[in-house]
Amino acid sequence: MSEGAVSGRRVLVVGLARSGKAAAEALAGRAAHVVGYDRDESLDLGRLDAIGVELHLGREEETLLQGIDLVVKSPGVPGETALVSGARTRGIPVWSEIELGARLLPNPILGVTGTNGKTTTSELLGATFRAAGRSVEVAGNVGRPLTSLVGSLAPESWIVCELSSFQLEDVETLAPKVGVLLNLAPDHLDRHSDFEAYTRAKLRIFERQSPEDVAVVPRDFGRVPGEGQRIEFGADDPLPVEPRIPGAHNRENAAAATAAARAAGIADGAIAEALATFEGVRHRIELVREHGGVRYVNDSKATNVAAALRALASFPGCRLHVILGGRGKHEPYDTLAEALRDGHRAYLVGEAAPEIARALSAARVPYEDSRNLPAALASASAAAQPGEVVLLAPACASFDQFRDFEDRGDTFRRLVEELA
């Protein structure tokens, strides 16, 4: 089904949060008959109702697939749900919101994926394009749905698109002019069947690239699909200027962004300006305040073990009071416990606390089962001495106690700012 074929077709959008709403609006604007479904009956969908979207909330009924020509799946919707699996059984195409956006937008796309560093690298690339005076929008997993840009951009404007494994699962024609893979480590194994399945989803960013496109990958990474020109990067690459944001992992992100920006035709002068001025993103190694000689750092975006390890490595020589826990992703916590052995202390919250506690006990790392974030921060603040760091780096998803990682980080920031 091509872009033009969307007009007049019945399209079912499954999941009506941010991405689903944008997809439904884009489809309605292309004269599709849009049916929207979400299990959450409390959603405010007045805008979709006003533009004629046929809304169904609550219980999932496969009868909604009757007469449907296409299903568009939001990233938060697992592929095993009745509507999505039923569509596949019936031979109905299933697209991600990203696939729909890629078909409806004529713009060149610079796609960024990987386990960690996607948002930082995407925003840094956006800053680089702007420093070069190039028209650009940053969208995708970074927060703004790709389909929300439909009809609002000049065709020559670039889109830097952060791409999660959930968004890449159901792409068919997506072919970024420049595709970037930052790194790969086990993540979302609660959703993907295993690391191999997760890897396959990530590498779909390259599948449709032609020889005129560019695939940016870590040095010595194995073969990737597609026909894009391969460019490698590493944390020790020479850069136009050293990045303002701290940490070895951020230098690696800067190296990837530099390689991608050059591939998009941006000169080193603009890259240097962006590297020297870009301050990072919220919820990622974000210094909230220094209080009583103690630094309070928000890394709520560290939703897996690999990201948490990067956060820990950002404070060499400092004693850390680390708040860990949330909803686990079927990852082992042994490496995290080993990284905390040398005098650090942990404060555990959420569903994964018992599992993390077992790993910490085995490594003889002192910890407190704090149950929730306010109690954890209160204990950490009471124990921390001048020169030490209280770090929120949960290594887990947030959905057991918060709406999302942003809600968790905002709560941490508010609690820190309220410290007497």
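Here is a short chat about the sheets, helices and empty spaces in this predicted model.

User: Let's start near the N terminus. In what order do the 5 strands of the parallel open sheet sit?

Analyst: This sheet is open, and its pairing is parallel. Its edges are β3 (54-57) and β5 (94-96), each pairing on one side only. Neighbouring strands are turned by 20 degrees against each other on average, ignoring direction. Reading across, the order is β3-β2-β1-β4-β5.

User: Zooming in on β1 and β2, which residue of β2 is the bridge partner of Val-13?

Analyst: β1 covers residues 10-14 and β2 covers residues 33-38, and the two pair in the parallel sense over 5 bridges. For Val-13, the partner in β2 is Gly-36.

User: Which strands does helix α3 lie across?

Analyst: Helix α3 takes in residues 82-89. Set against β5, α3 runs at about 130 degrees. The strands that α3 lies across are β1, β2, β4 (70-73) and β5.

User: And helix α4, what angle does its direction make with that of β5?

Analyst: Helix α4 spans residues 97-104 and packs on the sheet. There, α4 touches β4 and β5. Its direction makes an angle with that of β5 of about 85 degrees.

User: α1 and α4 also meet. Is their crossing left-handed or right-handed?

Analyst: Helix α1 runs over residues 18-29, and its axis comes within 10 Å of the α4 axis. The two axes cross at roughly 35 degrees. As for the hand, α1 passes α4 in a crossing that is left-handed.

User: Who makes that contact, and how many of the residues are nonpolar?

Analyst: From α1 you get Ser-19, Ala-23, Ala-26 and Leu-27, while α4 brings Glu-97, Leu-100 and Leu-104. Sorted by class, the contact of α1 with α4 has 1 polar and 1 charged residue. The nonpolar count is 5.

User: Moving along the chain, what is the order of the 6 strands in the mixed open sheet?

Analyst: The edge strands here are β12 and β16 (367-371), each pairing on one side only. On average, neighbours in this sheet are turned by 20 degrees against each other, direction ignored. The pairing is mixed, and the order is β12-β13-β17-β14-β15-β16.

User: Which residue in the turn between β12 and β13 has a positive phi?

Analyst: The two strands run antiparallel and are joined by 5 bridges. One of the bridge pairs links Glu-286 to Asn-298 in β13. β12 and β13 form a hairpin with 2 residues between them, and the residue with the positive phi, about 60 degrees, is Gly-292.

User: In the parallel part, what is the bridge partner of Ile-323?

Analyst: Strand β14 (residues 320-325) runs parallel to strand β15 (residues 345-349), with 5 bridges joining them. In β15, the partner of Ile-323 is Tyr-347.

User: Which helix lies across β12, β13, β14 and β17?

Analyst: Look at residues 405-417, the stretch that lies across those strands, β17 being 389-392. This helix runs at about 15 degrees to β12. Its name is α14.

User: Now the spaces. Which elements give two or more residues to the lining of the second largest pocket?

Analyst: This pocket holds about 340 Å³ of space. Of its 17 lining residues, the closest to the centre are Pro-246, Glu-279, Ile-285, Glu-286 and Leu-287. By class, the lining splits into 8 nonpolar, 4 polar and 5 charged. The elements giving two or more residues are β12 (286-291) and β13 (294-298).

User: What volume does the largest cavity have?

Analyst: The model has 1 cavity of 30 Å³ or more. Residues lining the largest cavity include Ile-323, Val-349, Leu-392, Phe-402 and Arg-408. That lining divides into 6 nonpolar, 4 polar and 2 charged residues. The volume of the largest cavity is about 60 Å³.

Note on methods:
Residues numbered from 1 in each chain as written. Predicted model: local features only at pLDDT ≥ 70, side-chain atom pairs only at ≥ 80, totals over all residues. Heavy atoms only, no water. Pairing = 2+ DSSP bridges. Helix = DSSP H or I, 4+ residues; strand = E, 2+ residues; numbered from the N terminus. Axes fitted to C-alpha atoms, helices over the stretch in contact; angles between N-to-C directions. Contact = heavy atoms within 4.5 Å. Left-handed = near helix turned anticlockwise from the far one by under 90°. Nonpolar A, V, L, I, M, F, W, Y, C, P; charged D, E, K, R; others polar. 1 Å grid on protein atoms, 1.4 Å probe; cavity = no way out; pocket = protein on both sides within 12 Å on 5 of 7 lines; lining within 4 Å. Points joined across faces, edges and corners; volume = space filled by probe spheres on them.
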